[in-house]
Amino acid sequence: MSAPAGTGPGAGTGPMEQPALDPEAFYDQLVAELHARRATVSAAEQAFGADRPMMGAELLEWLCFQAWYEREAAAFIGAWLRDVPEQDAFYGLTKQVADEGTHFHLFARHLEALGGSLDTWVPEPEWVEWVQVFYPAGRDTLERVAAHNIAGELGAVNAFEGLLTRLPADTVAVLEKVIPDERFHVALGRMVVTRYATTAEAQARVRARVEEAFRVAQLGRLAFERRLQALGA
Ligand SMILES: [Fe+2]
Ligand SMILES: [Fe+2]
């Protein structure tokens, strides 16, 4: 099985001179850092809709965002598949595409049952930058999965778990179908990083993508808060 592009001898400069961390210790350290950073940001950056109960127009807005996000995830991960040489990652990502498509269907159907629609819905500029520009832009499996399956999926699991006590029961029932799949996507990210981020250069690239993913995700959550205020929700 070939190493991801950019991880072979001679790839990059600078970090190559540092010894690589044990990949499992490296992954655990990244997750601990994300956890610590999330604990220091504002409520609106920690969770969609901060810590308020979510209902009415605010719930419809979140369901629109979430359905759109799931559809975009299915699309950009699907677009990677032509260029995933790692057999184990390819297999996991094919399952993930199907999962994200199912999540889109679940959220969109629930949105429609509550009287909402994506038909005239337009994403905020921060969401376009985060989901349609940043996530798809990774150069190889490692960079793509580092951004989406570490920072993005851990953020999604964290957001969903925080929402469980703030949502109506029928929306919680949808989330309970989705959360186990998102945990699988987190585990897939861990598998890819622990198998392929084996050099200091690869670990530096992973770290950079994770940090940027965290930053753009926080901007996305703040944009949600701004959108709600504009709607008077
Ligand atoms: Fe999903
Ligand atoms: Fe996912």
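**Exercise 1. Determine the geometry of the site of the iron ion (ligand 1) from the angles among its donor atoms, and name the residues that coordinate this ion.**

Solution. Begin with the angles: the four donor atoms of the iron ion (ligand 1) make angles of 91 to 135°, and the site is tetrahedral. The term applies to four donors if all angles lie between 85 and 135 degrees, whereas four count as square planar and six as octahedral if opposite donors are over 155 degrees apart and all others between 65 and 115, and anything else is irregular. The model is predicted, so local features need pLDDT of at least 70 and side-chain atom pairs count only at pLDDT 80 or more, while totals for chains, interfaces and linings use all residues. Residues are numbered from 1 along each chain as its sequence is written, chains are lettered from A and ligands numbered from 1 in the order in which they are written, and side-chain values use heavy atoms, with hydrogens and water left out.

Next, list the ligating residues: Glu-70 (OE), Glu-100 (OE), His-103 (ND1) and Glu-182 (OE) coordinate the iron ion (ligand 1), at 2.0 to 2.3 Å. Donors are N, O and S atoms within 2.8 Å of the metal (3.2 Å for Na, K and Ca), and because water is not among the atoms, sites may look incomplete.

Then place these residues along the chain, where their spacing reads E-x29-E-x2-H-x78-E. Glu-70 belongs to helix H3 (residues 56–80) and Glu-100 to helix H4, so this pair ties together parts that are 30 residues apart in sequence. Helices here are DSSP runs of H or I with at least four residues, strands are runs of E with at least two, and both are numbered from the N terminus.

**Exercise 2. Find which residue coordinates both iron ions, and describe the site of the iron ion (ligand 2).**

Solution. The iron ion (ligand 1) and the iron ion (ligand 2) are 3.4 Å apart, with Glu-100 coordinating both. Around the iron ion (ligand 2), the donors are Glu-100 (OE), Glu-153 (OE), Glu-153 (OE), Glu-182 (OE) and His-185 (ND1), at 1.9 to 2.7 Å. Their spacing along the chain is E-x52-E-x28-E-x2-H. Since Glu-100 sits in helix H4 (residues 87–113) and Glu-153 in helix H6 (residues 141–163), the pair ties together parts that are 53 residues apart in sequence.

**Exercise 3. Decide whether Glu-70 and His-185 are buried or exposed, and work out what surrounds His-185.**

Solution. Buried means under 20% relative accessible area, exposed over 50%, and partly exposed in between (1.4 Å probe, protein chains only). Glu-70 has 1% relative accessibility and is therefore buried, Glu-100 is buried with a relative accessible area of 1%, and Glu-153 is likewise buried. His-185, which is in helix H7, is buried at 0%.

For its surroundings, leave out residues up to four places away in sequence: His-185 then touches Gln-96, Asp-99, Glu-100, His-103, Asn-149 and Glu-153, where contact means heavy atoms within 4.5 Å. The side chains of His-185 and Glu-182 are joined by a polar contact of 2.8 Å.

**Exercise 4. Compare the setting of Phe-160 with that of Thr-171, and state how covered helix H3 is.**

Solution. Phe-160 lies in helix H6 and is buried, with a relative accessible area of 2%. Not counting residues up to four places away in sequence, Phe-160 touches Trp-62, Gln-66, Glu-70, Phe-107, Leu-175, Val-178, Ile-179 and Glu-182. Thr-171, found in helix H7 (residues 169–196), is buried at 0% relative accessibility, and with sequence neighbours up to four places away again left out, Thr-171 touches Leu-59, Trp-62, Leu-63 and His-110. Helix H3 is mostly covered, with 18 of its 25 residues buried.

**Exercise 5. State how many helices and strands the protein chain has, and what share of its residues is buried.**

Solution. The protein chain holds eight helices and zero strands. Of its 233 residues, 52% are buried. Among contacts between residues at least 6 apart in sequence, 85% join residues at least 24 apart.

Notes:
Polar contact = N/O pair within 3.5 Å; in protein donor to acceptor, adjacent residues only side chain to side chain.
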